[in-house]
Amino acid sequence: MTAHSYRTDVAVVGAGIVGLAFAWEAARRGLAVVLFDRTRQPEGASVRNFGMIWPIGQPLGEEYQRALRSRQRWLELRDCAGIWVAECGSLHVAHHDDENEVLREFAAVGEKHGVQCEYLSAVEASKRFPAVATSGLQGALYSPTELAVNSPAAVARLPHYLAETYGVQLRLGVAVTDVNMPEVRTASGERWLADRVFVCSGSDFASLFPAVLSTAGIRRCKLQMMRTRPQPNNWRLGPHLAGGLTLAHYKSFEVCRSLGPLKARIAATMPQYIHYGIHVMASQNDHGEVIIGDSHEYDADISPFDKPEIDELILAYLRPRLNLPDWHIAARWHGIYAKHPTKSFVTAEPQPGCVIAVAPGSTGMTMSFGLAADWWETHA
Ligand SMILES: Cc1cc2nc3c(=O)[nH]c(=O)nc-3n(C[C@H](O)[C@H](O)[C@H](O)COP(=O)(O)OP(=O)(O)OC[C@H]3O[C@@H](n4cnc5c(N)ncnc54)[C@H](O)[C@@H]3O)c2cc1C
C-alpha cells in the first residue's frame, strides 16, 4: 500500500443523518468505520430542517414502530452524547369541521394501532397549551411521542461523538470521487479498501453512481423555511404545532375516511397553498427560536432563488393559529431532499458490498436511525 492507502471494515460516504445512522450502527457492532463528507461543517438537508422527530406522521404499523425505534436512539444520544433532545410531543389544531372530524377519527383508529394520541376539545387544548390561539379553534390532537432536536447542532456534534466513543475515523472536508469495490477514492488522493461501503449522498445524484440514481425514479424537493429570533421571557411553544393542511400531507392520516372531504375543500379553496405544496408547522429549539415552514417544489420547478410569496402564505396561515410573542423573522433558507414517489427509502447495491442508501424524503430525521438499525439486523 502507498502512504495514502488505508484499510477499514466500513466506509460511509455522507455525514448527513442517513450516513451518521449507518456509521453509528456499524460502530455499535464493533466494526472499524471511516466517515467521509465533502464539507467540513454539515450543509445538507439534515441541518436545514425543523428538527422534528415525527412518529405521528408515519404510516401506522411497521413504519410507525420504526419511527419509535429511531426515537429511542435520539433519547440515547441525549443521554450519551450531550445532544439537546426535548420530549415536546405534537399538537394538530383544527379550525374547520372537516379537520376536527379527521382528528377525532384518527384518535379512535390510532388507539387501535397502539398510537399514543388523544383528541382534545378546544377548551381542553387551550387550557393545556397556551401557545395555541383560541379564536376559531374547534379541537386538537395531542401526541406525546414527538421530539425536538436542534438539527444543526446535533448533526455537527454526532460525527465527533462517534469518533470519541467508537473510534470512527472522520474525513470531513474530503469528497469521495469513486467507489469501485473494495476501493474508495477521494479527491484528496486517499485510497481506502473496505468490506462494505454505504453511499448516503443525500440529494446529490450526480457524483457517484449517477446511472443508478437517475433511473431510480427519485425526485428532488425544495422546501422554504424561516426562523424567528429567540422568543422573549423564556416563552415556550410546548408541543410542535401543525394545522389542518398537515393532515393532508402525512401518510398516517390516510387511514381516515374523513380525509377525503378535507382534501377536497383545501383543493377548492386554497389553490396557492396547493400550488406550492405548502403545509404549515412550527417547532422551537433550545435557543427559544421558532422554526416555521414549509413548501414543496419539485425537480424542474426548483429555483436557486426563494419566493417571498411562499413565506407570506406560510405566515398568513400560522398567525391565526399561534400566540407567538415575537414574529420577527431572523433567518430564511431553503433545503432540498431526495424523495421517491412511492418508497419511504431507497436502497440499491450497484456492486457487491456497496450499498446506496438515500431518499428518506421528509422524514430522514425521524426514520434514519430506525432504518439503519433494521438494515444492519437484516444484513449483518
Ligand atoms: C426544509 C426541510 C425540513 C425538514 N424537516 C424534517 C423534520 O422536521 N423531520 C424529519 O424527520 N425530516 C425532515 N426533513 C427531511 C430530512 O432533513 C432529510 O430526509 C434528511 O436530512 C436527509 O438526510 P441525508 O443524509 O440523506 O442528506 P444530507 O443531509 O443532505 O446529507 C448528505 C451528505 O452527503 C455529502 N456528500 C454527498 N456526496 C458526497 C461525496 N461524493 N463525497 C463526500 N460527501 C458527499 C453531502 O455533503 C451531505 O453532507 C426536512 C428536510 C428539509 C429540506
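1. A good place to start is strand β2 (residues 33-37): five of its five residues are buried, so β2 is largely enclosed by the rest of the structure. Buried here means 20 or more other C-beta atoms within 10 Å of a residue's own, exposed means 12 or fewer, and partly exposed lies in between, with C-beta atoms placed from the backbone. Strands (E, at least two residues) and helices (H or I, at least four) are DSSP runs numbered from the N terminus.

2. Before going on, please keep in mind that this is a predicted model: local features need pLDDT of at least 70, side-chain atom pairs count only at pLDDT 80 or more, and totals for chains, interfaces and linings use all residues. Residues are numbered from 1 along each chain as its sequence is written.

3. Back to β2, and to its side chains. In a regular strand, side chains alternate between the two faces of the sheet. V33, L35 and D37 point one way from β2, while V34 and F36 point the other way, and all are buried.

4. Which strands pair with β2? Strand β1 (residues 5-13) does so in the parallel sense over four bridges, and strand β9 (residues 169-172) pairs with β2 in the parallel sense over four bridges. Pairing requires that DSSP finds at least two bridges between the strands. On the β9 side, D37 stands opposite L172; towards β1, L35 in β2 stands opposite V12. The route from β1 to β2 passes through helix α1 (residues 17-28), and this β-α-β crossover is right-handed, that is, clockwise from the first strand over the helix to the second when the strands point away from the viewer.

5. There is also an open sheet of three strands, ordered β3-β8-β4 with antiparallel pairing. Its edge strands, β3 (52-53) and β4 (85-86), each pair on one side only. Between β4 and β8 (residues 147-149) the antiparallel pairing runs over two bridges, and V85 has V149 in β8 as its bridge partner.

6. Now the domains, whose bounds come from an automatic or database domain assignment. Domain 1 covers 5-46 + 152-216 + 343-379, and domain 2 covers 90-144 + 219-339. Taken over C-alpha atoms, their centres are 31 Å apart. Eight residues of domain 1 are in contact with six of domain 2, a contact being two C-beta atoms, placed from the backbone, within 7 Å. The side of domain 1 that touches domain 2 has three nonpolar, five polar and no charged residues. In this scheme Ala, Val, Leu, Ile, Met, Phe, Trp, Tyr, Cys and Pro are nonpolar, Asp, Glu, Lys and Arg are charged, and the others, Gly among them, are polar.

7. Where does the ligand lie? Both domain 1 and domain 2 give residues to the shell around the ligand, so it lies between them. The ligand is surrounded by 44 residues, the closest being G16, G44, G202, G335 and G364; a residue is near if its C-beta atom, placed from the backbone, lies within 6 Å. Elements giving two or more residues to this shell are α1, β2, β13 (219-228), β18 (329-339) and α11 (364-379). By class, the shell has 20 nonpolar, 19 polar and five charged residues.

8. Finally, have a look at the loop between α7 (244-247) and α8 (259-269), which holds F253. With 26 C-beta neighbours inside 10 Å, F253 counts as buried. Leaving out residues up to four places away in sequence, F253 touches V102, F106, L247 and L259. R257 lies in the loop between α7 and α8 and is exposed, with 11 other C-beta atoms within 10 Å.
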